[in-house]
Amino acid sequence: MAIDIYFDGDCYFCDNFVKKLELERVYGKVNLYSLRDDISVKNKIQRLGFNVNNGFLVHYNKNWYWGDEAYKIVNLNTHKKGFKNFNINKIISKIPYKFLVLGRYITLVVQGIGLIDLTHKDNENSIFAKSIRFSLLFLFFISFFQLVFLSNNIKEGGFLSLFLIYLSYLSYSNVRFLKKIKNYFYSQSIKFWLGYISFILIILNAIPTISLSRISLFFLTLPLIFYFYERYKSEKNNRNSKIGIFLMCILLFCTIPGLHIAPFFSGISGWYVQVDKSKNFTTAAYVLTNNNYEKVVLNHALLEPGTQLGRLEGAWHNSGRSKEDFMQFLFDNYSRLYPIIKTGKLSHQRVLGSLAYPAHSFSDTDASIYKNFAPENIISITETYYEVDWDGVIASQKDYPPLNLKVK
Amino acid sequence: MNFTKKFDVYDEFSKSYNRLGFDFNINVTRILVCVFLLWKLLSRNFDFYGYIPDDVFGHYTVDMYPITTYIRWTGTQLVTDIFTMHWVHWFIERPGPELMKFIQNMSIVSVSLLAIFGRGPKRIFAFLSYLLLIYLWGNIFLLGQEVDSISLYFGMLLVICFCNYEDKPIWRIGSSFLAKKNIDAGRTISWFYLILVAYYFASGLRKLTDLSLVEWFKYDLIWEVEQTMLTANITSLNVPNVFEHILFIDKWGLFLPPLVYLSHIFVPLVFFKRSKVVYFFLFYAAFHFMTFGVGISFTGYIVVWGCLFHYREWLTREVVK
């Protein structure tokens, strides 16, 4: 006598469980039918009216068994025949069936596979379809994280999370919904692009934390990346079309958050500066003082090749060295370069003069201001903080404790 | 507007990527890239890094930005050391000033050879140039400066290293002028475009993730220029005098940054419509010049779009699509 088992063949958990039951020992012949692929099987089961997502089906002895009933049939018999002493199925067999159904749902979510829909031939479980499900699911997680840990606006954040979990639910449970999205991508119409870009803008604007927003963009573009991948797979025999893989790679490069592979990185950050003209502003510079108590600002261009303001000092600080140590280095560097400086050039102008490539933080190039500042005449270096009004007048200034210098 | 009209990016990309191109243009780009690199090399003294204590190296990108603004999975020591060739210092000591000077001189020779003779046997001049240059600039990156108007040129140098085209020494460049269009040259030119497009487009996407649309209009650009000019009077920063003449724009300056952000987002269009490269050149030249107003020199990028000009087509008055 044979037993027919109708189960979810795409579910990793179900598939492995059913195949490991070793039912041949009891029933002789076991026919396994996946409810995913064969439309004739789907039609047959649909007519019976069972909810195949909440339980698998067994056809045995001309009777149909569903869910926990089917589970008993399979389970009892495996016990009777005596499993090996230690077997994962023996452990699973002791778990109530409802928990196994829950396990299946979790497995499907993790796999990005939707529920079984007997009315559709294709249950939309291609890698592109999975990417849509993952995308919506992860966007929900991100919005929920933002809501719980970082949000000030509970209403807006709550609405977004609910909206995304609903979309995510639809993507897993409703094949028609997923088909619509898929067709929308395949249409590549102007309507699609406008809609897709609008959706991206809405989500990004609702997630204010920059890191989370960058991760969100990645998940928002994930379906597009996999759409291109599917196009690549379907057209890779066409020599001219297969290079579409590069399109996918470039989109990945632009959207993967935190990508920084020197000298390449995925985009200069966005920021804005708000200036309050009703208040004075502050700035700072390293200043040399000579033995006549004249002062001159030390040009940051002398730190070339890397001349972005503050970065070398940041590295110095990061290594655990003191500010005094950095100031001593600045002076030693100045002393070393003074033979060039006294010729009227800054060090980066040594070869090309005034045609030299400028410093990254654009600098003065007048080296003549250092005429009275030969290293042996310099007595100290300090960092001076200036408070400046909007007429350019220094309202106040304060020195970091000066470092008395030793010429090496 | 017909909203159902198809704009199939995949197809358009394939068509545009596979268009035919002239080897002459690539040879010109090679020379322009080399000239720029030589300009930069002759304006810098890398022996500076021979004087920096060893323990100061290692201010990686992951150390600079807070977790709320940066995802810490690349920009780490391992990745940065590998890609800048500084992994050699896992085994050997950092070079002193003399050796750094020697490496810089080697780079100058190698880039000069690349400009004059082309890529050389087994593309040795191109690869050697890249390796030496990335090692030199790696010093900058390891000390906390990840931007130096150099990424695009490194990108184009990689294209020269890896893509196929008919390479000609400088004295035989005339013969490539007469050569016919071909698919290999076309694809190489496409990669030059993609390097620029990816750089600016990624920056455009960061403006979408890092700023809300309201914040796009919050950048007090002109006031920041004014502040930088006043700062420049006291410190060693510099702002060209010409910026005094734009201060009248005042609050209207709020609309300038969004224009740049939009251009970043729409920059992929130039890949599909290459005849428009001149407009992008003009726009980005103006934009990068504007950054001088806030004390940042992106000199290298002012002219970078010029590397993509259709020199061969223009000289023969051929129409570019």
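Two residues are in contact if their C-beta atoms, placed from the backbone, lie within 7 Å. This is a predicted model: local features need pLDDT of at least 70, side-chain atom pairs count only at pLDDT 80 or more, and totals for chains, interfaces and linings use all residues. Residues are numbered from 1 along each chain as its sequence is written, with chains lettered from A and ligands numbered from 1 in the order in which they are written.

Q: Which element gives the largest share of the side of chain A that touches chain B?
A: The contact takes 86 residues from chain A and 89 residues from chain B. On the side of chain A, the elements that give two or more residues include α10 (190-206), α12 (244-255) and β9 (378-388); helices are DSSP runs of H or I, at least four residues, and strands of E, at least two. The largest share, 8 residues, comes from α11(A).

Q: How far apart are the end C-alpha atoms of helix α5 of chain B?
A: The helix has 21 residues (97-117). At 1.5 Å times one less than its number of residues, it should span 30 Å. The end C-alpha atoms agree with this, lying apart by 30 Å.

Q: What arc do the buried residues of α5(B) cover around the axis?
A: Eligible residues have 20 or more other C-beta atoms within 10 Å of their own. They are B:Met100, B:Ile103, B:Gln104, B:Ser107, B:Ser110, B:Val111, B:Leu114 and B:Ala115. They lie on the same side of α5(B) because their arc (of directions from the helix axis to the C-beta atoms) is only 135 degrees.

Q: Which helices are among what covers the buried residues of α5(B)?
A: The buried residues of α5(B) include B:Ile103 and B:Leu114. Their cover includes, from chain B, α2 (23-41) and α6 (124-141).

Terms used: A residue is buried if 20 or more other C-beta atoms lie within 10 Å of its own, exposed if 12 or fewer, and partly exposed in between; C-beta atoms are placed from the backbone.
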